Every structure is written in structure tokens, then in C-alpha cells.
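Colleague: I've just opened this one and don't know my way around yet. Could you walk me through the ligand and the empty spaces?

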Amino acid sequence: MKTVLITGANRSIGFEAARQLLQNGYYVYLGSRDLAKGQQAVDQLKAEGFAQVEPIEIDVADGASIAAARAALGQKTPVLDVLINNAGILGGMEQPATSTSLSTIKEVFDTNVFGVIAVTQAFIDLLRQSPAPRIVNVTSGLGSLTLHNDPSWKYYAVKGAAYQPSKAALNAYTIMLAYELRDTPFKVNAVDPGYTATDFNHHSGPGSVQDAAACLVKAALLGPDGPTSQFFSDDNAPETGISPW
Ligand SMILES: NC(=O)c1ccc[n+]([C@@H]2O[C@H](COP(=O)([O-])OP(=O)(O)OC[C@H]3O[C@@H](n4cnc5c(N)ncnc54)[C@H](OP(=O)(O)O)[C@@H]3O)[C@@H](O)[C@H]2O)c1
């Protein structure tokens, strides 16, 4: 049975991705920085009839928590097939480039960038044991530098000095990681779930968590001929599904 670890899966898009991967027969390690919330989410999925799911306590902004999660997972399975780096924070709505505090920017980068790197490095050995490992880095359409310089883009005015640069940096890391793993069975991609109604944006987004999670799941289920080192975004590129970086 294939295994997946999803960070920040106790609610919203990550939680729905857990549900959809359970529907696809995966064993889900449901990451949550608060174990009680993770257990609640697992209880809900079990009540829906899914048995192959358990919580893993993991705070991606805390190195000791990541190390403990890696040790715990290593006791449970010798192989991890899929890692979905989903946990992310916005860092507040207004982020002017001239005044956003460095502490806010660092806090956002700690979770959205350094957290992803630390989790990926911690679990890469378990992923290498899979015959077809997949890494899904949950980015945002707002991480596209090309589109941020295009005045005709629908999100052109949605600028910010912490969140947007954090997702651009995550995209850059995704390319570097995919390059290093290019001659292996790994598929490493950045996936924008689209502007989605969740707690993240006070439910202002037009998209559903079902559609958002389906974008993540599609990248998790890529076959051997599937792409690697891509920036998937139906929101930025409805026709091709591939966003410019
Ligand atoms: N919603 C959108 O419109 C949208 C658009 C583009 C991209 N995204 C991206 O999609 C991902 C999920 O977003 P969402 O809308 O589902 O957000 P959300 O509703 O705010 O949920 C975020 C999840 O991440 C967890 N999390 C935050 N910091 C964490 C940390 N340090 N360690 C572990 N878990 C942590 C939260 O845990 P707690 O419950 O403990 O807070 C929660 O489970 C994010 O990476 C976001 O940037 C979202």
C-alpha cells in the first residue's frame, strides 16, 4: 500500500487532500502541528469509513518537531511514496514592501520556505525507498514573478512583501530539487491549488477545497511519464494548466 505524508492536513485543503488520497487507496499520515487537532481530523475520516489514516505531529517551523516526526514515521514505515508540503501561512493581509516588518517576513519564510526545505530533507531518505516518489510543493499563483510583472494579469495588484516572495522562493527551491533528482524516478512539482475558500483568506476565494485538493492529488498520482519541475496552476493558466515561473 502506498503511503503519503501531508503537512498541515488537519483542516482545509490539506485535509481534503487526505480524504481524496484515502479514496485512492493510500495510507495517509495526516500531519498536524497540534496532535489533538490531527486526531480530531483522523476521527472524522474514520467516521466516514476510512481506516488507513493516522495523525503525525509535525510543526514545519520547528526543527525538533520535524526530527521527532521523522523518527516516529520511521518506526511505522520504511517507505514514503508521497510528500505533500502543504502547510503554509499568509502572514496577514496588508504586506507593503516599504513597511512590512522583517519579523513578519521571517515568520512567513520559516513556514512556507525553510519549513518545506527542512521537511523535504528530513524525509528524503524514506522517499528514496519508493519506486515512484512524488513531492508536491503547495505553492500559490501569487508566487509567479513573471505574472507579477504583467499588468494584464488578474492578480497583478495582489502584491505583498512576505507571502508572494515566500512562494516564489518555494518555486525556486522546487526547481533546484527537481534538477538534483532529475535522473531518478522522483517527480517534484509546485502546485497552485487556486484561490480557494478556506480559513486562510476568511473564505473569500471562489474555489472549493475539493477542486483545490484535486490539483494536489493529481500531482501526487503522476505516472512515470508525468512531468517534473513544473508549476501547475489552473488558476493562472486555465488552458494549459502550467503557469510561468
Ligand atoms: N486558500 C487559498 O486560496 C490558497 C491559494 C493558493 C495557495 N494556497 C496554499 O495552500 C496551502 C494550504 O492552504 P489553506 O487554504 O488550506 O490554509 P489554511 O486553511 O490556513 O490551513 C493551513 C494549514 O496549515 C497548517 N500550518 C500552518 N503553519 C504550520 C506549521 N508551522 N506547521 C504545520 N502546520 C502548519 C495549519 O495548521 P493549524 O490548524 O494548526 O493552524 C492548517 O492545517 C498553503 O500552503 C497555502 O499557501 C492556498
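Colleague: Which elements each supply at least two residues of the shell around the ligand?

Modeller: Before that, this is a predicted model, with pLDDT of at least 70 needed for local features and 80 or more for side-chain atom pairs, while totals for chains, interfaces and linings use all residues. Residues are numbered from 1 along each chain as its sequence is written, and side-chain values use heavy atoms, leaving out hydrogens and water. Helices here are DSSP runs (H or I, at least four residues), numbered from the N terminus. The elements you want, each giving at least two shell residues, are α1 (12–23) and α6 (163–180).

Colleague: And which residues come nearest to the ligand?

Modeller: A residue belongs around the ligand if one of its heavy atoms lies within 4 Å of it. There are 30 such residues, and by class they split into eleven nonpolar, twelve polar and seven charged. For those classes, Asp, Glu, Lys and Arg are charged; Ala, Val, Leu, Ile, Met, Phe, Trp, Tyr, Cys and Pro are nonpolar; the others, Gly among them, are polar. Coming nearest are Asn-10, Arg-11, Ser-12, Tyr-163 and Thr-198.

Colleague: How much of the ligand's area does the protein bury?

Modeller: Let's start with some atoms that meet it: a backbone N or O atom of Asn-86 is 2.8 Å from a ligand oxygen, and a side-chain N or O atom of Thr-198 is 2.6 Å from one. Taken alone, the ligand exposes 910 Å² (Shrake-Rupley, 1.4 Å probe). Of that area, the protein buries 96%.

Colleague: Where does the ligand sit?

Modeller: Think of a pocket as an open set of points on a 1 Å grid over the protein atoms alone, with protein on both sides within 12 Å along at least five of seven lines; lining residues have an atom within 4 Å of a point. A molecule sits in one if more than half of its atoms lie within 2 Å of its grid points. By that test, the ligand's place is the largest pocket.

Colleague: What is the volume of the largest pocket?

Modeller: Its lining has 48 residues, with Gly-88, Ile-89, Leu-90, Tyr-163 and Phe-200 nearest the centre. Two or more lining residues come from each of α1 and α6. Counting the space filled by probe spheres set on the points, the volume of the largest pocket is about 1,200 Å³.

Colleague: Which helix gives the largest share of the lining of the second largest pocket?

Modeller: That pocket holds about 170 Å³ of space, and its lining includes Ala-214, Cys-215 and Lys-218. Four of the lining residues come from the helix you're asking about, α7 (residues 209–220).

Colleague: What is the volume of the largest cavity?

Modeller: A cavity is a set of points where a 1.4 Å probe fits but cannot get out. Among the residues lining the largest cavity is Asn-86, and helix α4 (residues 102–128) gives the most to that lining. The volume of the largest cavity is about 30 Å³.

Notes:
A polar contact is a pair of N or O atoms within 3.5 Å; within protein, one must be able to donate a hydrogen and the other to accept it, and residues adjacent in sequence count only if both atoms are side-chain atoms.
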